[in-house]
Amino acid sequence: MTEFHPEAWHWIALGLVLALGEMVLPTNVLLWFGIAGIVTGLVVACVDLGPAYQMVIFATLAFVSYFPVRWAARRFRAGDDSNAAALNQRGRSAIGHHVTVIEAIENGYGAVKVGDSRWRAMCAQDLPAGTKVEVVDVEGATLKVRPLVSEA
């Protein structure tokens, strides 16, 4: 049986310190370096390597674990921006929906029903109650609507 190299304990300890630092500090970087340190320690425990090779293994593992995960996380977050504009702006989620006028729009203002809620609505033209409209924008708590073009 081969003996456990002391350098392996150093790498594992470094990895654990970095992983613990991830829990204490508001980052998302140290975990990947901590994992690289622990894996480097396990490799050094199994294979007798010089310090230069140990550093190359650590750097390679850190690169391989950190940068692809960071790239994937950015792509994931970039695809999620469609909902970010509507965050804490409930009216924005209604844009593009077809709703019904429940109080006639006269002199530019009336009300529409969105889901189970009543919303103030504004339109450039007067519309009677019961008209189907599309929400095109939101201004504060007022939805800007336009009448749907009927297909004939």
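Which residue in β5 is the bridge partner of Met-122? The exercises below work through this and related points on a predicted model.

**Exercise 1. Place Met-122 in its strand and find its partner across the sheet.**

Solution.
- Step 1. Start with the strand. β3 covers residues 117-122, and Met-122 belongs to its alternating pattern.
- Step 2. Look to the neighbour. β3 and β5 (residues 142-147) pair in the parallel sense, over three bridges.
- Step 3. Read off the partner. Met-122 is bridged to Lys-144 in β5.

**Exercise 2. Sort the side chains of β3 by face, and say which face is buried.**

Solution.
- Step 1. Recall the rule. Side chains of a regular strand alternate between the two faces of the sheet.
- Step 2. Apply it. Ser-117, Trp-119 and Ala-121 point to one face. Arg-118, Arg-120 and Met-122 point to the other.
- Step 3. Check burial. Ser-117, Trp-119 and Ala-121 are buried; Arg-118, Arg-120 and Met-122 are not.

**Exercise 3. Describe how β2 connects to β3.**

Solution.
- Step 1. Find the direction. β2 (residues 109-114) and β3 run antiparallel, joined by six bridges.
- Step 2. Take one pair. Val-112 has Trp-119 in β3 as its bridge partner.
- Step 3. Inspect the turn. Two residues lie between the strands of this hairpin, and Gly-115 takes a positive phi near 65°.

**Exercise 4. Describe how β4 is paired on each side.**

Solution.
- Step 1. Take β5. β4 (residues 132-139) runs antiparallel to β5, with six bridges between them.
- Step 2. Name pairs. Glu-134 stands opposite Arg-146 in β5. Val-135 is bridged to Val-145, also in β5.
- Step 3. Inspect the turn. The β4-β5 hairpin has two residues between its strands, and Gly-140 in the turn has a positive phi of about 65°.
- Step 4. Take β1. β1 and β4 pair in the antiparallel sense over three bridges. Thr-100 stands opposite Lys-132 in β4.

**Exercise 5. Assemble the strands into one sheet.**

Solution.
- Step 1. Set the inventory. The protein chain has four helices and five strands. Along the sequence the pattern is α-α-α-α-β-β-β-β-β.
- Step 2. Order the strands. They run β1-β2-β3-β5-β4 in a closed barrel of five strands.
- Step 3. Describe the pairing. It is mixed: β3 with β5 is parallel, while β2 with β3 is antiparallel.
- Step 4. Add the twist. Neighbouring strands of the barrel sheet are turned by 50° against each other on average, direction ignored.

**Exercise 6. Is Val-133 buried or exposed, and what surrounds it?**

Solution.
- Step 1. Locate the residue. Val-133 is in strand β4.
- Step 2. Judge accessibility. The cut-off for buried is under 20%. Val-133 has 0% relative accessibility, so it counts as buried.
- Step 3. List its contacts. Beyond four places in sequence, Val-133 touches ten residues' worth of neighbours named here in part: among them His-97, Val-101, Val-112, Leu-127, Val-145 and Leu-148.- Step 4. Gauge one separation. Val-133 and His-97 are 36 residues apart in sequence, and their C-alpha atoms are 8.4 Å apart in space.
- Step 5. Place Val-133 in the core. The largest nonpolar core has 15 residues, and Val-133 is one of those with the most contacts inside it. Ile-105, Val-112, Val-114, Leu-143 and Val-145 are also in that group.
- Step 6. Trace the sources. β1 (98-106), β2, β3, β4 and β5 each supply at least two residues of this core.
- Step 7. Look elsewhere. Apart from this core lies another, of seven residues, including Ala-8, Trp-11, Ala-36 and Phe-58.

**Exercise 7. What does the side chain of Gln-54 make a polar contact with?**

Solution.
- Step 1. Locate the residue. Gln-54 is in helix α3 (residues 51-78).
- Step 2. Judge accessibility. Gln-54 counts as buried because its relative accessibility is 5%.
- Step 3. Find the polar partner. The side chain of Gln-54 makes a polar contact with the side chain of Trp-11, at 2.7 Å.
- Step 4. Complete the surroundings. Leaving out residues up to four places away in sequence, Gln-54 touches Glu-7, Trp-11, Thr-40, Val-44 and Leu-49.

**Exercise 8. How many disulfides does the structure hold, and are Cys-46 and Cys-123 buried or exposed?**

Solution.
- Step 1. Recall the bond. A disulfide is a covalent bond between the sulfur atoms of two cysteines.
- Step 2. Count. The structure holds zero disulfides.
- Step 3. Classify Cys-46. Its relative accessibility is 63%, so Cys-46 counts as exposed.
- Step 4. Classify Cys-123. Its relative accessibility is 11%, so Cys-123 counts as buried.

**Exercise 9. Summarise burial and contact range for the protein chain.**

Solution.
- Step 1. Take burial. Of the 152 residues in the protein chain, 29% are buried.
- Step 2. Take range. Among contacts between residues at least 6 apart in sequence, 42% join residues at least 24 apart.

Key. Residues numbered from 1 in each chain as written. Predicted model: local features only at pLDDT ≥ 70, side-chain atom pairs only at ≥ 80, totals over all residues. Heavy atoms only, no water. Buried < 20%, exposed > 50% of the residue type's maximum accessible area, 1.4 Å probe, protein only. Pairing = 2+ DSSP bridges. Disulfide = S-S within 2.5 Å. Contact = heavy atoms within 4.5 Å. Core = buried A, V, L, I, M, F, W, Y, C linked by side-chain atoms within 4.5 Å. Axes fitted to C-alpha atoms, helices over the stretch in contact; angles between N-to-C directions. Polar contact = N/O pair within 3.5 Å; in protein donor to acceptor, adjacent residues only side chain to side chain.
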